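This report goes through the enclosed and open spaces of one structure and then turns to the ligand. Please keep the sequence and the model in view while reading.

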Amino acid sequence: MTPDTPQSDAPRFDGPLAESWIRAIAAAVEKERSRLTDLDSAIGDGDHGSNLQRGFTAVLTALEGLRPADPGAVLTKTGTTLVSKVGGASGPLYGKAFRAIGAALPGPADPATLAEALAAGLDAVRLLGKADPGDKTIVDAWTPAVAAFRTAAAAGAPLPEAAAAAADAAERGARDTVPLQARKGRASYLGERSIGHQDPGATSTALIFRTLAETLTT
Ligand code: ADP
Ligand code: MG
(Lines give C-alpha, C1' and ligand atoms only; values in the text may rest on other atoms or scores of the structure.)
(Ligands and ions follow the chains in the order given, each with its own letter.)
Protein backbone atom coordinates (compact mmCIF):
# COMPACT_ATOMS: atom_id res chain seq x y z
CA MET A 1 0.00 0.00 0.00
CA THR A 2 1.57 3.29 -1.09
CA PRO A 3 0.23 6.80 -0.56
CA ASP A 4 -0.84 6.70 -4.24
CA THR A 5 -3.22 3.81 -3.59
CA PRO A 6 -5.18 4.76 -0.48
CA GLN A 7 -7.06 2.05 1.42
CA SER A 8 -10.39 3.50 0.30
CA ASP A 9 -9.60 2.54 -3.33
CA ALA A 10 -8.85 -1.09 -2.43
CA PRO A 11 -11.52 -3.61 -3.49
CA ARG A 12 -14.28 -4.06 -0.93
CA PHE A 13 -16.38 -7.06 0.00
CA ASP A 14 -19.59 -6.23 -1.88
CA GLY A 15 -22.82 -8.00 -2.83
CA PRO A 16 -21.47 -9.85 -5.90
CA LEU A 17 -18.45 -11.06 -3.91
CA ALA A 18 -20.74 -12.24 -1.12
CA GLU A 19 -22.80 -14.19 -3.63
CA SER A 20 -19.64 -15.67 -5.20
CA TRP A 21 -18.51 -16.74 -1.74
CA ILE A 22 -21.77 -18.54 -1.00
CA ARG A 23 -21.73 -20.26 -4.41
CA ALA A 24 -18.15 -21.36 -3.75
CA ILE A 25 -19.16 -22.78 -0.35
CA ALA A 26 -21.98 -24.73 -2.02
CA ALA A 27 -19.50 -26.16 -4.56
CA ALA A 28 -16.94 -27.00 -1.87
CA VAL A 29 -19.57 -28.71 0.29
CA GLU A 30 -20.63 -30.78 -2.72
CA LYS A 31 -17.02 -31.76 -3.44
CA GLU A 32 -16.13 -32.52 0.20
CA ARG A 33 -19.44 -34.05 1.16
CA SER A 34 -18.15 -37.59 1.63
CA ARG A 35 -15.14 -36.43 3.66
CA LEU A 36 -17.43 -34.45 5.99
CA THR A 37 -19.75 -37.42 6.24
CA ASP A 38 -16.86 -39.80 7.01
CA LEU A 39 -15.61 -37.48 9.77
CA ASP A 40 -19.12 -37.29 11.21
CA SER A 41 -19.51 -41.08 10.95
CA ALA A 42 -16.47 -41.49 13.21
CA ILE A 43 -17.74 -39.31 16.09
CA GLY A 44 -21.33 -38.41 15.21
CA ASP A 45 -24.17 -39.70 13.07
CA GLY A 46 -22.67 -39.33 9.59
CA ASP A 47 -24.93 -36.60 8.29
CA HIS A 48 -22.76 -33.46 8.38
CA GLY A 49 -21.94 -33.58 4.64
CA SER A 50 -25.54 -34.19 3.60
CA ASN A 51 -26.86 -31.61 6.07
CA LEU A 52 -24.67 -28.91 4.58
CA GLN A 53 -25.31 -30.03 1.03
CA ARG A 54 -29.06 -29.86 1.55
CA GLY A 55 -28.72 -26.47 3.21
CA PHE A 56 -26.52 -24.83 0.59
CA THR A 57 -28.55 -26.28 -2.29
CA ALA A 58 -31.57 -24.55 -0.77
CA VAL A 59 -29.51 -21.38 -0.34
CA LEU A 60 -28.64 -21.34 -4.06
CA THR A 61 -32.34 -21.50 -4.88
CA ALA A 62 -33.13 -18.78 -2.34
CA LEU A 63 -30.51 -16.49 -3.86
CA GLU A 64 -32.04 -16.76 -7.36
CA GLY A 65 -33.50 -13.41 -8.27
CA LEU A 66 -31.98 -11.65 -5.28
CA ARG A 67 -30.05 -8.72 -6.66
CA PRO A 68 -26.94 -8.69 -4.51
CA ALA A 69 -26.58 -4.95 -4.15
CA ASP A 70 -25.21 -5.29 -0.67
CA PRO A 71 -23.43 -8.21 0.99
CA GLY A 72 -25.67 -8.13 4.04
CA ALA A 73 -28.77 -9.12 2.06
CA VAL A 74 -26.99 -12.13 0.52
CA LEU A 75 -25.60 -13.38 3.83
CA THR A 76 -28.79 -12.77 5.80
CA LYS A 77 -30.75 -14.76 3.21
CA THR A 78 -28.13 -17.50 3.42
CA GLY A 79 -28.48 -17.68 7.19
CA THR A 80 -32.25 -17.66 7.22
CA THR A 81 -32.34 -20.46 4.67
CA LEU A 82 -29.84 -22.61 6.58
CA VAL A 83 -31.81 -22.22 9.81
CA SER A 84 -35.00 -23.36 8.10
CA LYS A 85 -33.59 -26.18 5.93
CA VAL A 86 -30.94 -27.94 8.01
CA GLY A 87 -32.10 -30.12 10.85
CA GLY A 88 -28.75 -30.99 12.45
CA ALA A 89 -26.92 -28.89 15.01
CA SER A 90 -24.91 -27.25 12.24
CA GLY A 91 -27.97 -25.69 10.54
CA PRO A 92 -28.99 -23.31 13.31
CA LEU A 93 -25.35 -22.65 14.21
CA TYR A 94 -24.21 -21.74 10.69
CA GLY A 95 -27.57 -20.12 9.98
CA LYS A 96 -27.28 -17.75 12.91
CA ALA A 97 -23.65 -17.12 12.05
CA PHE A 98 -24.43 -16.02 8.49
CA ARG A 99 -27.34 -13.91 9.69
CA ALA A 100 -25.04 -12.14 12.15
CA ILE A 101 -22.40 -11.58 9.47
CA GLY A 102 -25.09 -10.19 7.17
CA ALA A 103 -26.44 -7.87 9.85
CA ALA A 104 -22.95 -6.46 10.33
CA LEU A 105 -22.48 -5.67 6.61
CA PRO A 106 -24.92 -2.94 5.54
CA GLY A 107 -22.71 -2.08 2.57
CA PRO A 108 -19.42 -2.95 0.84
CA ALA A 109 -16.85 -3.71 3.51
CA ASP A 110 -13.15 -3.04 3.98
CA PRO A 111 -10.97 -5.68 5.70
CA ALA A 112 -11.51 -4.30 9.23
CA THR A 113 -15.30 -4.26 8.77
CA LEU A 114 -15.35 -7.78 7.36
CA ALA A 115 -13.19 -8.94 10.29
CA GLU A 116 -15.74 -7.57 12.75
CA ALA A 117 -18.62 -9.14 10.80
CA LEU A 118 -16.90 -12.54 10.94
CA ALA A 119 -16.38 -11.97 14.67
CA ALA A 120 -20.11 -11.30 15.01
CA GLY A 121 -20.70 -14.65 13.28
CA LEU A 122 -18.52 -16.37 15.87
CA ASP A 123 -20.35 -14.61 18.70
CA ALA A 124 -23.66 -15.92 17.30
CA VAL A 125 -22.31 -19.50 17.19
CA ARG A 126 -21.11 -19.21 20.77
CA LEU A 127 -24.32 -17.61 22.03
CA LEU A 128 -26.42 -20.42 20.59
CA GLY A 129 -24.10 -23.39 21.12
CA LYS A 130 -22.39 -22.32 24.37
CA ALA A 131 -19.14 -23.93 23.20
CA ASP A 132 -15.75 -22.63 24.29
CA PRO A 133 -12.49 -23.04 22.39
CA GLY A 134 -11.20 -26.55 23.06
CA ASP A 135 -14.66 -28.17 23.12
CA LYS A 136 -14.01 -29.72 19.64
CA THR A 137 -16.55 -27.77 17.60
CA ILE A 138 -16.95 -25.13 14.89
CA VAL A 139 -15.62 -22.65 17.47
CA ASP A 140 -12.14 -24.23 17.32
CA ALA A 141 -11.69 -23.25 13.67
CA TRP A 142 -13.69 -20.02 13.68
CA THR A 143 -11.89 -18.46 16.69
CA PRO A 144 -8.33 -18.54 15.26
CA ALA A 145 -9.69 -17.52 11.84
CA VAL A 146 -11.23 -14.34 13.28
CA ALA A 147 -8.06 -13.58 15.23
CA ALA A 148 -5.91 -13.95 12.11
CA PHE A 149 -8.30 -11.89 9.97
CA ARG A 150 -8.33 -9.11 12.58
CA THR A 151 -4.56 -9.08 12.95
CA ALA A 152 -4.02 -8.92 9.19
CA ALA A 153 -6.66 -6.20 8.75
CA ALA A 154 -5.16 -4.13 11.57
CA ALA A 155 -1.77 -4.38 9.84
CA GLY A 156 -3.29 -2.94 6.66
CA ALA A 157 -3.52 -6.17 4.66
CA PRO A 158 -5.95 -6.15 1.72
CA LEU A 159 -8.93 -8.54 1.68
CA PRO A 160 -7.27 -11.50 -0.13
CA GLU A 161 -4.31 -11.50 2.24
CA ALA A 162 -6.42 -11.20 5.40
CA ALA A 163 -8.74 -13.97 4.21
CA ALA A 164 -5.83 -16.25 3.33
CA ALA A 165 -4.39 -15.80 6.82
CA ALA A 166 -7.82 -16.61 8.28
CA ALA A 167 -8.14 -19.73 6.12
CA ASP A 168 -4.72 -20.99 7.17
CA ALA A 169 -5.63 -20.40 10.82
CA ALA A 170 -9.01 -22.15 10.43
CA GLU A 171 -7.34 -25.19 8.85
CA ARG A 172 -4.81 -25.35 11.68
CA GLY A 173 -7.65 -24.99 14.18
CA ALA A 174 -9.54 -27.85 12.54
CA ARG A 175 -6.47 -30.11 12.57
CA ASP A 176 -5.87 -29.21 16.21
CA THR A 177 -9.26 -30.68 17.15
CA VAL A 178 -7.88 -34.20 16.56
CA PRO A 179 -6.47 -34.74 20.09
CA LEU A 180 -9.39 -32.99 21.81
CA GLN A 181 -12.24 -34.68 23.66
CA ALA A 182 -15.63 -33.35 22.51
CA ARG A 183 -17.53 -31.47 25.18
CA LYS A 184 -20.43 -30.19 23.08
CA GLY A 185 -22.74 -31.72 20.50
CA ARG A 186 -23.31 -35.33 19.57
CA ALA A 187 -19.62 -36.26 19.68
CA SER A 188 -19.54 -35.45 23.41
CA TYR A 189 -21.65 -38.58 24.04
CA LEU A 190 -18.56 -40.61 23.05
CA GLY A 191 -16.46 -39.18 25.88
CA GLU A 192 -12.81 -40.20 25.47
CA ARG A 193 -13.63 -42.13 22.30
CA SER A 194 -14.04 -38.79 20.51
CA ILE A 195 -10.27 -38.27 20.89
CA GLY A 196 -8.16 -38.95 17.78
CA HIS A 197 -10.67 -37.72 15.17
CA GLN A 198 -10.94 -34.35 13.44
CA ASP A 199 -14.18 -32.53 14.20
CA PRO A 200 -16.50 -32.37 11.17
CA GLY A 201 -17.88 -28.92 12.02
CA ALA A 202 -14.43 -27.41 12.49
CA THR A 203 -13.53 -28.98 9.14
CA SER A 204 -16.50 -27.38 7.35
CA THR A 205 -15.66 -24.04 8.98
CA ALA A 206 -12.15 -24.33 7.51
CA LEU A 207 -13.77 -24.93 4.10
CA ILE A 208 -15.92 -21.82 4.56
CA PHE A 209 -12.85 -19.67 5.28
CA ARG A 210 -10.78 -21.25 2.48
CA THR A 211 -13.52 -20.52 -0.05
CA LEU A 212 -13.66 -16.91 1.18
CA ALA A 213 -9.92 -16.57 0.53
CA GLU A 214 -10.25 -18.17 -2.90
CA THR A 215 -13.22 -15.96 -3.80
CA LEU A 216 -11.35 -12.81 -2.85
CA THR A 217 -8.19 -13.89 -4.66
CA THR A 218 -9.69 -14.79 -8.04
P1 ADP B 1 -25.66 -33.14 14.28
O2 ADP B 1 -24.58 -33.19 15.32
O3 ADP B 1 -26.97 -32.68 14.82
O4 ADP B 1 -25.75 -34.43 13.51
P5 ADP B 1 -24.08 -32.00 12.15
O6 ADP B 1 -23.55 -33.38 11.95
O7 ADP B 1 -24.55 -31.31 10.92
O8 ADP B 1 -25.24 -31.98 13.23
O9 ADP B 1 -22.95 -31.07 12.78
C10 ADP B 1 -22.03 -31.58 13.72
C11 ADP B 1 -21.04 -30.49 14.07
O12 ADP B 1 -21.70 -29.43 14.73
C13 ADP B 1 -19.97 -30.93 15.05
O14 ADP B 1 -18.87 -31.55 14.37
C15 ADP B 1 -19.58 -29.66 15.76
O16 ADP B 1 -18.48 -29.03 15.13
C17 ADP B 1 -20.78 -28.78 15.58
N18 ADP B 1 -21.41 -28.53 16.85
C19 ADP B 1 -22.24 -29.35 17.54
N20 ADP B 1 -22.64 -28.76 18.69
C21 ADP B 1 -22.05 -27.54 18.73
C22 ADP B 1 -22.07 -26.44 19.65
N23 ADP B 1 -22.80 -26.50 20.77
N24 ADP B 1 -21.35 -25.34 19.34
C25 ADP B 1 -20.63 -25.28 18.21
N26 ADP B 1 -20.57 -26.27 17.29
C27 ADP B 1 -21.27 -27.39 17.55
MG1 MG C 1 -24.21 -35.21 12.41
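A cavity, as the word is used here, is a set of grid points where a 1.4 Å probe fits but cannot get out, and its lining residues are those with an atom within 4 Å of a point. The structure shown is a predicted model, and this should be kept in mind throughout.

**The cavity**

By this rule there is one cavity of 30 Å³ or more, and the space in the largest cavity comes to about 30 Å³. Its lining is made up of Ile25, Ala28, Val29, Leu52, Ser204, Leu207, Ile208 and Thr211. Helix 1 and helix 8 each give at least two residues to this lining, and helix 8, with four residues, has the largest share. In terms of residue class, six of the residues that line the largest cavity are nonpolar and two are polar, while none is charged.

**The pocket**

The largest pocket has a volume of about 510 Å³. There are 28 residues in its lining, and those that lie nearest the centre of the pocket are Ala89, Ser90, Leu93, Gly185 and Arg186. Two or more lining residues come from each of helix 1 (15-43), helix 2 (48-63), helix 4 (90-103), helix 5 (111-129) and helix 8 (200-217). Among the elements, helix 5 provides the largest share of the pocket lining, which is three residues. The lining of the largest pocket divides into ten nonpolar, nine polar and nine charged residues.

**The ligand**

Where does ligand 1 sit? Ligand 1 is placed in the largest pocket, and of the 20 residues around ligand 1, those that come nearest are Asn51, Ala89, Ser90, Gly129 and Asp199. The shell around ligand 1 takes at least two residues from each of helix 2, helix 4 and helix 8, and the largest share of this shell, three residues, is that of helix 8. Sorted by class, the shell holds six nonpolar, eight polar and six charged residues.

Three side chains have a polar atom at a listed distance from an oxygen atom of ligand 1, and the table below sets these pairs side by side.

| Side chain | Partner | Distance |
|---|---|---|
| aspartate 40 | oxygen atom of ligand 1 | 3.0 Å |
| aspartate 45 | oxygen atom of ligand 1 | 2.9 Å |
| asparagine 51 | oxygen atom of ligand 1 | 2.9 Å |

Taken alone, ligand 1 exposes 570 Å², and 92% of that area is buried by the protein.

Asparagine 51 thus appears in two ways, since Asn51 is among the residues that come nearest to ligand 1, and an N or O atom in the side chain of asparagine 51 is 2.9 Å from an oxygen atom of ligand 1.

How values were computed:
Residues are numbered from 1 along each chain as its sequence is written. Chains are lettered from A and ligands numbered from 1 in the order in which they are written. This is a predicted model: local features need pLDDT of at least 70, side-chain atom pairs count only at pLDDT 80 or more; totals for chains, interfaces and linings use all residues. Side-chain values use heavy atoms; hydrogens and water are left out. On a 1 Å grid over the protein atoms alone, a cavity is a set of points where a 1.4 Å probe fits but cannot get out, and a pocket is an open set with protein on both sides within 12 Å along at least five of seven lines; lining residues have an atom within 4 Å of a point. Grid points are joined across faces, edges and corners, and a volume is the space filled by probe spheres set on the points. Ala, Val, Leu, Ile, Met, Phe, Trp, Tyr, Cys and Pro count as nonpolar, Asp, Glu, Lys and Arg as charged, and the others, Gly among them, as polar. A residue is near a molecule or strand if one of its heavy atoms lies within 4 Å of it. A polar contact is a pair of N or O atoms within 3.5 Å; within protein, one must be able to donate a hydrogen and the other to accept it, and residues adjacent in sequence count only if both atoms are side-chain atoms. Accessible areas come from the Shrake-Rupley method with a 1.4 Å probe; for residues, only the protein chains shown count as cover. A molecule sits in a cavity or pocket if more than half of its atoms lie within 2 Å of its grid points.
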